[in-house]
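Let's take a quick tour of how this chain packs. Have the viewer open as you read.

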Amino acid sequence: MAQETANKFIENVCNHLVRNMNITKVEEHFKAAIEMQRKSTPSQVDFWDMLMMNMLYFTEIEQVWEKEFLKMLEKKEWLKTTVLEEELLMHQMRIRQQVAEQMDAAKELFHKQYVTENMTEEDIVYDYAYSSAGHSMRVDLLTVLVSTPEQSKVLFNADPQETIRIINGYIAYHTDGIINKVKL
């Protein structure tokens, strides 16, 4: 029963996050971000590499997000919003440094992937937008939860691992919905 209550709460918060989303503005945001990155690189391969490095960053951040979120669920205590922001900023800086250090090795793998998976620019742009949207939704969701601790404590009565699995499912569902509506 506690899990069902938590799941319904997660569903409601996720729906709230996307309910009034202006897809035109989302599309414009993605197009501007992608164009800015395209213009900042000297070649198509460099552009693809930049998008792939961003996806690597988002993947690393997602793992940290999950770990931090799991800690709060297990301790049954939400971090204060300012503390959470500081924690996430610290992790972001560390991950940016790690990604920068891995850049040469990562690019080598990316270049092989472009060939073996016959990747197109459309594939990479779509994957980048999906990763970016998922990242934004995770941050927004966690911000809502920690800024409404009384309402959000309903999640403490449920299984932490299952709660994260449910959250990841809703994020994937809504991210798919968003990305499938935009034209990149």
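Below are notes on the model, its core, one helix and one helix pair.

## Ground rules

This is a predicted model, where local features need pLDDT of at least 70, side-chain atom pairs count only at pLDDT 80 or more, and totals for chains, interfaces and linings use all residues. Residues are numbered from 1 along each chain as its sequence is written, and side-chain values use heavy atoms, with hydrogens and water left out.

## The core

The largest nonpolar core (buried Ala, Val, Leu, Ile, Met, Phe, Trp, Tyr and Cys joined through side-chain atoms within 4.5 Å) has 55 residues. Buried here means under 20% relative accessible area, with a 1.4 Å probe and protein chains only. Helices (DSSP runs of H or I, at least four residues, numbered from the N terminus) α1, α2, α3, α4, α5 and α7 each give two or more residues to this core. The most comes from α3, with 15 residues.

Phe-69 is among the residues with the most contacts inside the core. Leaving out residues up to four places away in sequence, Phe-69 touches (heavy atoms within 4.5 Å) Trp-78, Leu-142, Leu-145, Leu-155, Ile-164 and Ile-167.

## Helix α7

Both Ile-164 and Ile-167 are on the list of buried residues of α7, which also includes Asn-168 and His-174. What covers the buried residues of α7 includes α1, α2, α3 and α5.

## α3 against α4

These two helices pack at about 140 degrees, with axes 7 Å apart (lines fitted to C-alpha atoms over the stretch in contact, angles from 0 to 180 degrees between N-to-C directions). That makes α3 oblique to α4, as oblique covers whatever is not under 35, over 145 or 65 to 115 degrees.

Methods: Buried < 20%, exposed > 50% of the residue type's maximum accessible area, 1.4 Å probe, protein only.
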